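Work through the exercises below with the sequence and the model open. Try each task before reading its solution.

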Amino acid sequence: MIKGINERQLIENFFFIVDKESKKIPFKLNKAQSYVYENLGHRNLIPKDRQRGVTSFILALFLARCLLYQNRTCVVIAHEKAPAQKMLRQLKYYIRTAALPEIPIDVDNKNEISFPGTNSFFYIGSAENDDFGRGDRITDLHCSEVAFWSNPQEKTKGLFQAVPRTGTIVLESTGNGIEWFCNRVKRAAAKPGREKVLWFGGFVSSEEYRVNLTEEEKKDIIESLDPEIEEDVLYNDYGLTPGQIAWRREKLEELDYDLASFKQEYPLILEDCFQQKGFSFFHKVNYKPTKLWKVSTVDPDLKWIKKYADLAYKSDVNLTFVMGVDVGGGVGGDSSVIQIICLEENKQVATYKTNNVPPDIFAQRIAEVGRIYNFPIVVVESNNHGLTTLSYLKDLYPKDCIYKDKSSSNIIDLGMRTTKLTKPLMIGNLRRTLAEGMVIHSEETLSELNTFIEKGSGKLEAQDGYHDDEVMALAMAVAGAEKAHTLQEYRRSAINVTPVNNDPASLDFILNELYSRNNKFPVQRQLKVIN
């Protein structure tokens, strides 16, 4: 029907849209729409904030495909009937106002529009109709506000089977707590595969989400930053402008200063899209996303370590590291996790997570990571599979650098056992440490912290359907801080020994020279840490 142009050219040169001031204007793609168009794949997940025009764009894109290509079947499903009807009206507006010769239409009813010129069909319905779209061959599928569907997992099963591998699926939604869409996005973000997460940067990337201020007003905003609503962090660490902060204040006022609701409606980072309904046990977490948090490529054998820049590779005597370890079965269920924190920097510096390494082999992983950090104190949870790991670790790691629990009733007295009595103390200590400002760089760790709750029974654990392996490993690391300081002071005193005899032939002089080479002694030190 139309030749020689692509989808974007058709939309921007021939389609019109009504803007927020009720004016008819040419449909020129904004930043968010351009990002989606340029990155759209066969399977797409789009978590988003309000009023970015994603649904309007998908409607226009699918219409363009119906007009440009033969035999398309485009299906758009809203979460309720009212928005489905609004989408249909918008689609018909695109058709009616398009700067094209009259577009031939065959069928035109409340759910379907057909285009005989290309033998293409466009269906719009709602998820309230369980059978809508099932059984059809679908080339392009858009599930809108899917986080608000009832039972989306079951409803999408049949729909997905109707779309061939070369077809397009778009799951799009604003956040609605921790649910099916949230889990799908987090899984795809953590382990990229066929499904792509299209995240276009949060509300700060929009030109609309800011207020024009005078220089005096900008100065007043900067001087009145409110840490209670995180304005100091947003200004200093994220670089929000006074105009963006002023806009944010207006929206918070509209939302009765419900910070969680604001973050879900207008997320700054991907994690903000999915706010816990209820309260996490960790009420304050100093999360700072950074491009420096990445998979290590320094050593091919250690590429599974996610780390903060190269801090993990500094054997600096002035830095004290602690390793916390939670051990899983290595059979695809709960994960085994190593968390590493730096006490002087007060931050998370690296993590390792796997669910397919057996507990005995995992002991080797711990030793390999420990070598990078000059063998710091390692605290291993000694419950269940942890006992197996510890039984192998004691022959691979300096024994005096393995946390020992004197009160343990285990066969092996190494490690830390969590019980009904010790777990609340350990988790409470982690909560205090986080509230006092320890920096978290891992979004996966943040996610687990946000879904860690106190249940009605009083148990402290992950919300049903979620995991707390990274939380437990982090709590283990914090629990080992005091012993780590003790070990570090011993090492400093050993390294900084002043020779009592400067005679090059003396034993004292020779020992001091040996210690001076890379701050290491050629014979393994026999460290003794008093527990």
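**Exercise 1. Place Thr-168 and describe its surroundings.**

Step 1. Thr-168 is found in strand β8. Strands (E, at least two residues) and helices (H or I, at least four) are DSSP runs, numbered from the N terminus.

Step 2. Check the burial. Thr-168 has a relative accessible area of 6%, so it is buried. Buried means under 20% relative accessible area, exposed over 50%, and partly exposed in between, with a 1.4 Å probe and protein chains only.

Step 3. List the contacts, meaning heavy atoms within 4.5 Å. Beyond its neighbours within four places in sequence, Thr-168 is in contact with residues including Leu-40, His-42, Asn-44, Thr-139, Asp-140 and Val-163. Arg-65 is also in contact with Thr-168.

Step 4. Look at the side chains. Those of Thr-168 and Arg-65 are joined by a polar contact of 3.1 Å. A polar contact is a pair of N or O atoms within 3.5 Å; within protein, one must be able to donate a hydrogen and the other to accept it, and residues adjacent in sequence count only if both atoms are side-chain atoms.

A note on the source: this is a predicted model, where local features need pLDDT of at least 70, side-chain atom pairs count only at pLDDT 80 or more, and totals for chains, interfaces and linings use all residues. Residues are numbered from 1 along each chain as its sequence is written, and side-chain values use heavy atoms, with hydrogens and water left out.

**Exercise 2. Trace the sheet that holds β8, then add its helices.**

Step 1. Write the strand order. The open sheet has seven strands, β5-β6-β4-β7-β8-β3-β9, with mixed pairing. Two strands pair if DSSP finds at least two bridges between them.

Step 2. Find the edges. β5 (112-115) and β9 (195-197) each have a single partner strand, so one side of each is left without a neighbour in the sheet.

Step 3. Take the angle. Neighbouring strands are turned by 15° against each other on average, direction ignored. Axes are lines fitted to C-alpha atoms, for helices over the stretch in contact, and angles run from 0 to 180 degrees between N-to-C directions.

Step 4. Examine one pair. Strand β3 (residues 43-47) and strand β8 (residues 168-173) run parallel and share five bridges. Leu-45 has Leu-171 in β8 as its bridge partner.

Step 5. Add the helices. Helix α5 (residues 152-161) packs on the sheet, touching β4 (73-78), β7 (140-144) and β8. The direction of α5 makes about 165° with that of β7. Helix α6 (residues 180-190) lies across β3, β8 and β9, at about 115° to β3.

Step 6. Inspect α5. Its buried residues are Pro-152, Lys-155, Thr-156, Gly-158, Leu-159 and Phe-160. They pack against β4, β7, β8 and α6.

**Exercise 3. Which two loop residues with positive phi are buried or exposed?**

Step 1. Recall the background. Most residues other than glycine have a negative phi.

Step 2. Take Glu-145, in the loop between β7 and α5. Its phi is near 50°. Glu-145 counts as buried, at 11% relative accessibility.

Step 3. Take Asn-384, in the loop between β16 (377-380) and α12 (385-393). Its phi is about 50°. Asn-384 is exposed, with a relative accessible area of 66%.

**Exercise 4. Describe β16 and the core around it.**

Step 1. Sort the side chains. Ile-377 and Val-379 point one way from β16, Val-378 and Val-380 the other way, and all are buried.

Step 2. Find a partner. Strand β13 (residues 321-326) runs parallel to β16, joined by four bridges. Met-323 stands opposite Val-378.

Step 3. Move to the core. A nonpolar core is a set of buried Ala, Val, Leu, Ile, Met, Phe, Trp, Tyr and Cys residues joined through side-chain atoms within 4.5 Å. The largest one has 79 residues, and those touching the most other members include Val-378, Ile-340 and Phe-282. Helix α15 (residues 469-479) gives the most to this core, with seven residues.

Step 4. Look for another. A second, separate core of 40 residues includes Leu-88, Phe-115, Ile-124 and Phe-200.

**Exercise 5. Summarise the whole chain.**

Step 1. Count elements. The protein chain has 17 helices and 19 strands.

Step 2. Give the burial. Buried residues make up 51% of the 531 residues.
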